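Q: Could you walk me through how to read a protein model, one feature at a time?
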Amino acid sequence: MKRLNNPFVIGNYAGEHYFCDRISESNELIDNLLNNRNTVLVSERRLGKTGLICHCLEQKTIAKNYNIISFDIYATNSLQEFVYVFGKEITKKLKPKGKKLIEKFLNIFTSLRGNFKIDANTGLPSFELSIGDIVSPETTLDEIFSYLNNSDKPCIVAIDEFQQIGKYSESNVEALLRTKIQHCPNCTFIFAGSEKDMLINMFNSAAKPFYQSATFMQLGKIDSEKYKDFAIGLFEEGKKKISDDFVSLAYSKADGVTLYIQMIMNELYSATPKNAQVTQELFDYAFDTLLKKQSFVYMNILADIPIRQKELLFAIAKEDKATELTSENFIKTHGLKSASSLQASLKGLIDKRLVNKEKNCYLISDRLFRWWLLTV
């Protein structure tokens, strides 16, 4: 196994050694895949659902026996864009090899045949696809599912931020995809997403096409004790030392959100010399350095929001987990305007995904952003 200079990986999957716990969740998802159960995987953003999917798909029982297609549709706004992202991933992962398979591939994708070229030296196809090439999305979608259904091995298709299809301008996308999936027995699907209410409505409402078509899994925050063991072990491998207390402090500042814990620990590991022990001074230095590195991004976020939303954002940051936002006490304490004005500002912040509602509390979605706001 290749050792990383910094073992606290941010935003990517670097293999089992650098992946913390999630044993029960992994077993559950792998069991679903091996038994052809479509799965809805729900979690807050940045808790590690994409990492969990990557981890499961790289296990030998999966990787050797399935063709795997995994893509994110968060940035898509239409069926055309969905088909473009899906088709691009298909051609990247399932490029056929050998003359017969090339011919089969080209025969199925008649709507995109003009985008294929055969390399004269290797005999392999090259493929260039732009969004404008998807002239008839439904036709190309038919071809995609036909190709998957006739693939040499069973396929697993993982679609991240799947709730996005409910926001498309076309009204029939859910019904269209449900029909294609029903008639594609060679595929098992993972529908991952971060907007719980939308996904519950999509898969649990009797009026919706995807009603009861998949098993639900909810990913919670990573176990703090297991993360401690993981972090201490990685420090020891690098001939560095960190106590339980400082791992707990990182976990607390990140509010248990995997990405932010990893970002803090990555900076702290980098700042800790070999054969040294993490101290409060070293922790504070690493945390301040991380916030400074994020400052450019956060300044631009603030610059792009109206003043009333900005005032509410600072108020929520000060409260950390704010309740009763429209109460006279909250409004007076933070010098805000009327309750009606506050409601409009809150909606704007939620729509921008800057604020989340967690049970009866409102909090800053990016936990590091919250700490940065307290320094401004």
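A: Sure, and let's start with what a strand is: strands are DSSP runs of E with at least two residues, numbered from the N terminus. With that in hand, find Leu41, which sits in strand β1 (residues 39–42). Keep in mind as we go that this is a predicted model.

Q: Okay, is Leu41 buried or exposed?
A: The cut-off to know is that buried means under 20% relative accessible area, and exposed means over 50%. Leu41 has 0% relative accessibility, so it counts as buried.

Q: Which residues is Leu41 in contact with, leaving aside its neighbours within four places in sequence?
A: Here contact means heavy atoms within 4.5 Å. For Leu41 the list is Lys49, Leu52, Ile53, Phe191, Ala192, Gly193, Met217 and Leu219.

Q: How far is Leu41 from Thr140?
A: You go from C-alpha to C-alpha. Those two atoms are separated by 27 Å, and the residues are 99 apart along the chain. Thr140 is one of the buried residues of α6, along with Pro137, Leu141, Glu143, Ile144, Phe145, Tyr147 and Leu148.

Q: How can I check the length of helix α6?
A: Multiply 1.5 Å by one less than the number of residues to get the expected span. Helix α6 (residues 137–149) has 13 residues, so it should span 18 Å, and its end C-alpha atoms are indeed 18 Å apart.

Q: Back to β1. What comes after it, and where is Ser43?
A: Ser43 is in the loop between β1 and α2 (49–57). Its relative accessible area is 3%, so Ser43 is buried. Not counting residues up to four places away in sequence, Ser43 touches Lys49, Gly193, Ser194 and Leu219. Try the distance idea again: the C-alpha atoms of Ser43 and Glu195 are separated by 7.7 Å, with their positions 152 residues apart along the chain.

Q: And Gln218, is that buried or exposed?
A: Exposed, because its relative accessibility is 56%. Gln218 belongs to strand β7 (residues 215–218). Leaving out neighbours within four places in sequence, it is in contact with Val42 and Lys196. The C-alpha atoms of Gln218 and Val40 lie 8.2 Å apart, although the residues are 178 apart along the chain.

Q: What share of contacts in the chain join residues at least 24 apart?
A: Take the contacts between residues at least 6 apart in sequence: 72% of them join residues at least 24 apart.

Q: Now helices. At what angle do α13 and α15 pack?
A: Helix α13 (residues 307–319) and helix α15 (residues 339–351) pack at about 85°, and their axes are 9 Å apart. Angles from 65 to 115 degrees count as roughly perpendicular, so α13 is roughly perpendicular to α15.

Q: Which residues of α13 and α15 meet?
A: From α13 you have Arg308, Gln309, Leu312 and Leu313; from α15, Ser341, Leu342, Ser345, Leu346, Gly348 and Leu349. Sorted by class, this contact has 5 nonpolar, 4 polar and 1 charged residues. Zoom in on Ser345: its relative accessibility is 7%, so it counts as buried. Setting aside neighbours within four places in sequence, Ser345 is in contact with Arg308, Gln309 and Leu312.

Q: Which helices do the buried residues of α10 pack against?
A: They pack against α9 (224–237), α11 (258–271), α12 (280–303) and α16 (367–373). The buried residues in helix α10 (residues 244–253) are Phe246, Val247, Ala250, Tyr251 and Lys253. After α10 comes Asp255, with a positive phi near 55°.

Q: Where is Glu161, and what is its phi?
A: Phi is a backbone angle you can look up residue by residue. Glu161 is not a glycine, yet its phi is positive, about 55°. Glu161 is in the loop between β5 (155–160) and α7 (173–182), and it counts as buried because its relative accessibility is 4%. Arg353, also not a glycine, has a positive phi of about 65°. Arg353 lies in the loop between α15 and β8 (355–358), and its relative accessible area of 18% makes it buried.

Q: Finally, how many helices and strands does the chain have?
A: The chain has 16 helices and 9 strands. Buried residues make up 49% of its 376 residues. The C-alpha trace spans about 70 × 55 × 40 Å along its principal axes. The accessible surface comes to about 18,900 Å², and 48% of that belongs to carbon and sulfur atoms.

Key:
Residues are numbered from 1 along each chain as its sequence is written. This is a predicted model: local features need pLDDT of at least 70, side-chain atom pairs count only at pLDDT 80 or more; totals for chains, interfaces and linings use all residues. Side-chain values use heavy atoms; hydrogens and water are left out. Axes are lines fitted to C-alpha atoms, for helices over the stretch in contact, and angles run from 0 to 180 degrees between N-to-C directions. Helices (H or I, at least four residues) and strands (E, at least two) are DSSP runs, numbered from the N terminus. Angles under 35 degrees count as roughly parallel, over 145 as roughly antiparallel, 65 to 115 as roughly perpendicular and the rest as oblique. Ala, Val, Leu, Ile, Met, Phe, Trp, Tyr, Cys and Pro count as nonpolar, Asp, Glu, Lys and Arg as charged, and the others, Gly among them, as polar. Buried means under 20% relative accessible area, exposed over 50%, partly exposed in between (1.4 Å probe, protein chains only). Accessible areas come from the Shrake-Rupley method with a 1.4 Å probe; for residues, only the protein chains shown count as cover.
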